[in-house]
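Trainee: Could you show me how to read helix packing and a nonpolar core?
Mentor: Gladly; here is the model to look at.
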Amino acid sequence: AEASENFRQLAKRLEDAEEPQFAGFCYLATGKCEQTVGNPAAEVEAITLAARCFLRTEMEQQNLKNPSFEEYLNAAIAGFQQAGKVEEEAGRYSAAAALYIELGDALMKLNRPSEAMFYFEKAVKLESSSILDIVNIKSKISDCYINLGDHHNALKSLTEIANFCTEHDPCQLFHSRLATVEVLRVLLLLIISPSHHNTPPHLLQVLDKYKWEGGDEDEELCPYLDDDLSILLQSIVMAVQVHDSEALLYLEDEINEHLDAQQRKLLRLVVSREVKRK
């Protein structure tokens with residue numbers, strides 16, 4: 001216990017001195033001491049602090065464009081994995097999920113969506129106590145697919161989110177999330193160019209209601225979207241339908257203020273493809 005406290009104090013001094021890589025090793029030593037005396041809560045805390053120090057070091061190196069063998073990144077991943085494993089063994093599944101989410105978020109910042117998705121999927125299997133957390137994790141998984149350019153699986157993942165929110169949202173608390181999902185699904189469907197041969201009917205219906213021949217004119221397009229966004233989205237679908245690239249370029253400028261960065265990037269893919277067809 002005395003050795004553990006000494007290592008902890010040294011780690012804090014090293015952090016204050018902007019030496020996170022050395023602080024990380026001291027926190028690892030602290031974790032080893034806590035493991036020896038059978039204190040899993042303190043062990044997890046120390047290992048997690050070590051992992052964060054190594055992660056900070058790796059990010060600083062990459063921000064400075066310094067050469068890296070990624071030894072600190074690997075040490076950070078190993079730390080989060082070990083801490084998560086200890087939490088799982090203790091039955092604290094939500095705490096383990098939180099650690100995997102933190103690691104996944106860090107990997108996304110380092111532009112490693114494939115590795116991040118692995119930890120998000122581990123987290124969603126462990127998290128069962130909070131509907132909001134489940135929705136957030138599933139959204140992170142769909143973000144990984146989009147960043148990987150895997151539009152079919154992104155669409156599948158977003159559809160799972162839409163179904164999950166609809167089933168578990170009697171008080172209509174997830175309308176803003178469902179609005180985001182709706183826009184993403186429409187844009188992904190435009191990118192995929194679905195047909196009755198390769199796309200399930202329930203996904204085709206998402207896009208069909210925005211087309212010229214789709215649905216009743218008096219029927220609300222989507223209850224989660226405001227009128228301006230619904231009309232602009234419908235106009236984009238119709239412009240793609242008739243391959244009107246000039247209209248698309250105009251509509252892209254009009255709708256951009258309603259979209260987030262990810263949605264704007266997907267729309268740019270749609271517009272670029274149509275412009276090249278001209």
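The dialogue below goes through helix packing, one helix and the core.

Mentor: This is a predicted model, where local features need pLDDT of at least 70, side-chain atom pairs count only at pLDDT 80 or more, and totals for chains, interfaces and linings use all residues. Residues are numbered from 1 along each chain as its sequence is written, and side-chain values use heavy atoms, with hydrogens and water left out.

Trainee: At what angle do helix α9 and helix α10 pack?
Mentor: Two packed helices are described by the angle between their axes and the distance between the axes. Here α9 (residues 175-192) and α10 (residues 201-208) pack at about 100 degrees, with axes 9 Å apart. That makes α9 roughly perpendicular to α10 (65 to 115 degrees). In α9, Glu 182, Arg 185, Val 186, Leu 189 and Leu 190 make the contact (heavy atoms within 4.5 Å), and in α10 Leu 203, Val 206 and Leu 207 do.

Trainee: Which helices do the buried residues of α8 pack against?
Mentor: They pack against α7 (131-148), α9, α10 and α13 (261-277). Among the buried residues of α8 (under 20% relative accessible area) are Leu 155, Leu 158, Ile 161 and Phe 164.

Trainee: Which residues have the most contacts inside the largest nonpolar core?
Mentor: In soluble globular proteins, nonpolar side chains tend to be buried together. In this model, the largest nonpolar core (buried Ala, Val, Leu, Ile, Met, Phe, Trp, Tyr and Cys residues joined through side-chain atoms within 4.5 Å) has 83 residues. Those with the most contacts inside it are Val 186, Leu 190, Tyr 210, Leu 225, Ile 236 and Ile 255. Helix α9 gives the most to this core, with twelve residues.

Definitions and conventions
Axes fitted to C-alpha atoms, helices over the stretch in contact; angles between N-to-C directions. Helix = DSSP H or I, 4+ residues; strand = E, 2+ residues; numbered from the N terminus. Parallel < 35°, antiparallel > 145°, perpendicular 65-115°, else oblique. Buried < 20%, exposed > 50% of the residue type's maximum accessible area, 1.4 Å probe, protein only.
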